[in-house]
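Grab a coffee and open the model in your viewer. Here are a few exercises, each with a solution you can follow step by step.

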Amino acid sequence: MWADRLVRDLYAEICKIPLIDPHSHIDPRRPAARSLDDILGYHYYTELAHSAGMDKAPLAAEASPRERDRAILNHLDRIDNTAQYGWFLDICRTFLGFRGERVTAADCDALCDAADRIMNQSDWESQVLARTNVEKIFLTNDFDDRLEDFDTSRYVPCLRTDDLVFHLNKPEVRERLSQATAVEATDANLMREALAILFQRFTQRGAKACAISLPPHFAPSPVFPEDLSTALGELFRGEADAGSRAAAAHGVFWMLAELCREFKLPFDLMIGVNRRVYPEGVHQGQDLFDQRTSLLQYAELFNRFIDVVFPISVLTSGQNQELVSYSWIFPNVVTNGHWWYSNIPTFIDRDLRARLQAVPKTKQLGYYSDAYKLEFVLPKFNMYRRILAQILADDFVRPGVYGERQAVDLARLLLRENTQRIFGV
Amino acid sequence: MWADRLVRDLYAEICKIPLIDPHSHIDPRRPAARSLDDILGYHYYTELAHSAGMDKAPLAAEASPRERDRAILNHLDRIDNTAQYGWFLDICRTFLGFRGERVTAADCDALCDAADRIMNQSDWESQVLARTNVEKIFLTNDFDDRLEDFDTSRYVPCLRTDDLVFHLNKPEVRERLSQATAVEATDANLMREALAILFQRFTQRGAKACAISLPPHFAPSPVFPEDLSTALGELFRGEADAGSRAAAAHGVFWMLAELCREFKLPFDLMIGVNRRVYPEGVHQGQDLFDQRTSLLQYAELFNRFIDVVFPISVLTSGQNQELVSYSWIFPNVVTNGHWWYSNIPTFIDRDLRARLQAVPKTKQLGYYSDAYKLEFVLPKFNMYRRILAQILADDFVRPGVYGERQAVDLARLLLRENTQRIFGV
Amino acid sequence: MWADRLVRDLYAEICKIPLIDPHSHIDPRRPAARSLDDILGYHYYTELAHSAGMDKAPLAAEASPRERDRAILNHLDRIDNTAQYGWFLDICRTFLGFRGERVTAADCDALCDAADRIMNQSDWESQVLARTNVEKIFLTNDFDDRLEDFDTSRYVPCLRTDDLVFHLNKPEVRERLSQATAVEATDANLMREALAILFQRFTQRGAKACAISLPPHFAPSPVFPEDLSTALGELFRGEADAGSRAAAAHGVFWMLAELCREFKLPFDLMIGVNRRVYPEGVHQGQDLFDQRTSLLQYAELFNRFIDVVFPISVLTSGQNQELVSYSWIFPNVVTNGHWWYSNIPTFIDRDLRARLQAVPKTKQLGYYSDAYKLEFVLPKFNMYRRILAQILADDFVRPGVYGERQAVDLARLLLRENTQRIFGV
């Protein structure tokens with residue numbers, strides 16, 4: 001793939017590092033795909049196919065999975081330029097024995113059959129994990145997940161808190177919270193009590209992070225307990241207006257940060273996404289961002305919780321430039337992966353070069369898969385590792401900053417050791 | 001020019017693709033230059049020379065063209081580092097037989113004489129078109145252009161609507177609208193009637209797009225008919241305040257989108273320019289941008305007009321990163337060229353890499369010339385093609401994503417076929 | 001360091017150009033370091049070490065310098081990936097005879113001893129200046145600096161005005177102003193009189209620029225004299241609220257621009273920094289930026305002072321893209337260096353490519369050191385020159401835009417001649 005021996009050698013060495021994947025959406029009860037539909041159902045394919053002209057009928061729950069796959073494959077020739085298509089091709093080649101140059105609708109039956117055969121082997125999960133060389137994978141768990149029926153040393157629980165901060169106005173969320181904690185969180189003290197129960201349960205079951213995704217305009221600030229109590233009271237009585245919803249969101253968010261301190265959990269902030277910008281889009285293909293956001297909005301949070309580590313994910317190179325500077329200055333701000341719309345080679349390349357040149361190397365969490373199925377961990381990390389190898393060659397080894405071994409040591413920090421140290425795994 | 005055989009070969013193949021230029025300011029009654037002054041009068045040269053210290057006296061209408069050219073050439077040694085100078089040198093070499101290494105004021109008379117001789121040949125337009133390998137060129141037509149006296153299959157009309165949206169407060173614009181439509185558009189219904197007449201006329205005469213440039217803060221939203229009527233009434237009575245001007249702008253803009261749907265015209269949005277930021281600047285050299293803008297401002301429009309195609313032009317790499325994501329998600333959003341201040345190699349390089357890696361290849365209009373004279377189509381497309389060839393080599397052919405033939409097929413989509421399909425030419 | 005002969009040759013030629021450094025914080029009474037502590041005390045090291053985990057105890061005034069140095073060196077292995085570490089290594093090698101591959105805490109005593117020996121030579125300043133090949137260095141002088149006891153042809157005074165614009169609410173600043181001018185500046189006329197005294201003194205003593213750093217939200221606008229008088233009156237009586245502080249800031253800023261016109265001084269604007277974002281950070285390691293800022297905020301200023309040159313420094317690549325366009329249009333806007341958080345190779349690379357491709361070459365001040373000690377001028381300019389050599393090779397010489405000699409001529413403009421012409425030195 002490369003004419004360049006140095007890059008090739010670095011890549012080969014980097015691939016030997018056993019991965020720890022610090023963020024995914026893997027379902028630990030069903031981590032691997034069982035069909036091609038589990039692969040092509042990933043929103044990257046449904047949304048790109050839809051964007052390129054596919055209507056949504058084949059995506060309906062009642063549609064036949066194979067016809068859905070055929071419909072998506074039928075649109076691949078419109079998106080075969082994309083990095084996302086590259087991951088799919090990598091999966092077909094690595095896991096499904098595909099030998100062709102490119103995948104088209106003509107390959108549908110053969111691929112589906114291969115997937116049915118291969119992915120239903122009893123040890124398929126283990127095979128994928130082994131071939132991927134991944135040791136631990138962080139999850140995204142609902143706050144009411146009991147975390148009881150999977151191997152939490154392999155699949156590391158992570159308390160996802162979007163619902164608690166932004167969706168308490170939904171009765172079902174309040175109901176889930178009551179069910180999960182046996183607390184009716186109608187004032188600040190009770191909310192604190194309920195959240196502490198969740199933190200207790202999660203950390204006892206091996207959770208290593210708290211996480212949330214945040215809209216571009218969100219600016220954390222503390223809320224007086226009495227104001228939070230008023231807001232929560234209104235929410236639980238179904239009388240909340242925009243003002244009390246905002247007060248609850250800010251108050252609960254701040255409380256989560258306090259609990260992260262108390263329970264010594266890093267608080268992953270994924271900053272910048274607006275939900276449902278294209279509400280008629282496919283499932284999980286509706287959210288977009290607004291570049292007009294700043295980490296300055298988080299200055300008070302970072303200052304007040306200097307003893308909480310904040311791994312930060314951002315969506316644009318503009319935000320990344322801020323992130324580089326904020327993590328260079330704030331001891332508790334660390335860079336975290338290449339998220340979603342910025343998880344594209346050219347953006348990774350420019351964002352990663354900047355981080356490697358200006359942020360302490362011990363404060364960088366290199367990459368996470370964000371995967372829903374195990375099979376995606378390998379192609380996504382491969383994409384990242386190729387870029388990393390190129391940058392290490394260009395910016396470190398060739399200018400004499402590092403020797404090859406040191407460059408690989410840096411990669412090991414990014415892909416493994418920083419994650420171990422920062423999250424305590 | 002390149003040591004690299006692959007890039008050279010790709011460039012050569014790409015240059016064989018007959019161009020369709022989806023946006024220009026060519027005057028179809030006088031498409032080619034007739035003198036060096038027609039070339040150097042392009043605002044890129046007058047504004048750069050002025051910025052570099054030339055006073056505006058030689059630019060006055062009454063000044064001698066040759067002395068104006070001499071004044072500009074006299075400042076070329078201050079701007080010979082720029083891409084814009086590169087286009088001029090390319091024109092001198094390709095069309096005027098210039099053989100030197102660089103153009104200076106000493107070349108003024110020779111170049112002017114050559115231009116007078118060469119550009120006044122009776123078949124000059126045809127010669128330029130043939131050498132440029134361009135098949136069709138989109139225009140920018142005033143709404144009251146009768147489109148009656150030129151070849152609309154070569155020069156494709158396009159309804160430019162800035163005046164209708166942003167300048168109805170000027171009596172002459174209202175007068176032109178009345179003249180063009182025989183309708184006094186003093187309320188919402190009458191405005192709709194007037195605009196429909198324009199759309200009817202334009203599409204009958206082969207128009208293939210509606211277009212507008214928009215300031216950074218503009219956020220389209222529908223206006224109630226009665227509010228629009230009130231606003232238009234006040235405008236036509238000369239009593240409009242800022243509020244009714246804004247209501248009229250938003251109401252007319254929304255109506256244009258409705259008519260694009262009705263007449264099946266793509267609606268080119270050129271987003272981000274503030275007019276007259278430097279009002280003492282040279283003609284057309286007064287406008288600048290504000291990076292603080294977001295495509296989120298257009299979410300409602302994109303959602304409400306999912307059946308209208310919006311080719312989007314932006315001015316910054318920050319906006320481009322949004323555009324990549326919005327066109328990856330919204331079926332009706334397509335990327336369009338590299339506009340104005342972002343039409344510089346390094347910005348094209350980074351913006352184009354991102355588009356090619358993340359946007360369906362069928363949704364990208366590669367490049368347009370934005371030219372006022374035919375002679376500029378070639379050097380500008382050359383600049384783009386060089387960058388495109390390099391990216392296809394780096395990101396597609398060398399990593400094994402595409403073979404060379406497929407890479408050229410992708411270029412053909414960008415330079416020709418997407419334009420044909422999206423605009424129906 | 002480079003396999004590439006062309007880049008190496010260009011770099012070698014560029015290094016021969018005697019530098020003029022148009023912005024530093026050198027103390028002309030003590031320009032060179034006298035110990036390793038003077039080097040490692042630079043905020044880039046204290047803030048990165050602190051960010052990477054060093055507590056602030058060794059930074060206290062009463063701590064032992066050698067133990068402070070040891071503490072910082074002890075953290076170098078966490079930041080040896082950074083550009084900033086690269087400057088330090090360059091200093092150790094160039095000035096302290098260091099021969100190792102990397103500096104660790106084990107080198108502390110040897111380096112401290114070497115520094116004590118070498119940097120206390122009586123002609124050390126001259127040695128550093130000679131080895132750095134720097135002819136003149138601009139300073140950052142407090143407005144009440146008498147400028148009386150140093151060689152102002154070597155160390156060019158520059159009137160720094162942050163205190164006058166943003167800190168007049170502090171009694172000590174008002175007191176310093178009164179002391180320096182013998183004027184109690186309690187109204188607009190008196191302020192004008194006081195400021196004119198400062199401009200008179202500074203220009204008589206060879207000052208060549210006025211300078212200020214500005215927060216991201218600042219938008220200059222004129223203030224009516226009576227409003228400024230009211231605001232200054234309140235300030236001097238200690239009764240100013242936020243409104244009058246803002247009025248004073250805007251009024252004094254505008255007055256400074258008027259005095260720059262009157263005294264023919266360029267006005268360096270360093271745009272985008274928020275002070276004390278991390279107030280518990282180390283000294284000078286507390287400030288950060290907000291990407292949401294635009295040069296549009298300065299349009300009125302640029303228009304009203306078309307005869308004042310504004311060298312502009314920015315902090316992000318987003319701002320840089322604006323700066324490229326604003327300096328391409330406004331005759332009085334010039335690009336100035338690569339400031340602070342954007343002074344990192346990958347940001348310099350992208351920002352500089354854009355400037356070189358689109359801004360008249362006579363309007364670019366290439367680089368400044370921002371140094372506090374002379375020893376930093378060399379490694380910082382080396383970093384810049386390496387990038388410049390690479391860009392000149394890639395974007396100018398290899399594509400045939402310039403020959404090698406012309407490329408070096410362009411470098412000479414950036415590093416020397418533009419500074420001479422624009423500031424009149």
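## Exercise 1: a sheet in chain A

Keep in mind that this is a predicted model. Chain A has an open sheet of three strands, ordered β1-β2-β3, with parallel pairing. Work out which strands sit at the edges, and find the bridge partner of A:Ile137 in β3(A).

**Solution.** Start with the edges: β1 (19-21) and β3 (155-156) of chain A each pair on one side only, which is what marks an edge strand. Next, look at β2 (residues 134-138) of chain A, which is joined to β3(A) by two bridges, the two strands running parallel. Finally, pick out A:Ile137: its bridge partner in β3(A) is A:Tyr155. As a reminder, strands of a sheet pair through backbone hydrogen bonds.

## Exercise 2: two domains

Chain A splits into domain 1 (35-119) and domain 2 (126-423). Describe how domain 1 of chain A touches domain 2 of chain A.

**Solution.** First, the spacing: the C-alpha centres of the two domains of chain A are 29 Å apart. Then count the contact, in which 15 residues of domain 1 meet 17 residues of domain 2 in chain A. On the domain 1 side, α2 (36-40), α3 (43-51) and α6 (83-95) of chain A each give at least two residues. The largest share, six residues, comes from α6(A). Sorted by class, that side of domain 1 of chain A has seven nonpolar, four polar and four charged residues.

## Exercise 3: chain C against chain A

Work out how chain C and chain A are related, and what chain C brings to their contact.

**Solution.** Lay chain C on chain A: a turn of 120 degrees with a shift of 0.0 Å along the axis does it, at an RMSD of 0.0 Å. That's the relation of a three-fold axis. Now the contact, with 32 residues from chain C and 29 residues from chain A. Several elements of chain C supply at least two residues each, among them α3 (43-51), α6 (83-96) and α16 (345-358). The largest share, four residues, belongs to α3(C). By class, the chain C side holds 13 nonpolar, 14 polar and five charged residues. Last step: only 6% of the interface residues of chain C are also interface residues in chain A, so the copies meet through different surfaces.

## Exercise 4: one helix

Is α16(B) largely enclosed or exposed?

**Solution.** Helix α16 (residues 345-358) of chain B has 14 residues and spans 20 Å from first C-alpha to last, close to the 20 Å expected. Of its 14 residues, 14 are buried, so α16(B) is largely enclosed by the rest of the structure.

Note on methods: Residues are numbered from 1 along each chain as its sequence is written. Chains are lettered from A and ligands numbered from 1 in the order in which they are written. This is a predicted model: local features need pLDDT of at least 70, side-chain atom pairs count only at pLDDT 80 or more; totals for chains, interfaces and linings use all residues. Two residues are in contact if their C-beta atoms, placed from the backbone, lie within 7 Å. Ala, Val, Leu, Ile, Met, Phe, Trp, Tyr, Cys and Pro count as nonpolar, Asp, Glu, Lys and Arg as charged, and the others, Gly among them, as polar. The expected span of a helix is 1.5 Å times one less than its number of residues. A residue is buried if 20 or more other C-beta atoms lie within 10 Å of its own, exposed if 12 or fewer, and partly exposed in between; C-beta atoms are placed from the backbone. Domain bounds come from an automatic or database domain assignment. Copies are superposed by least squares on the C-alpha atoms of residues with pLDDT of at least 70 in both. Two strands pair if DSSP finds at least two bridges between them.
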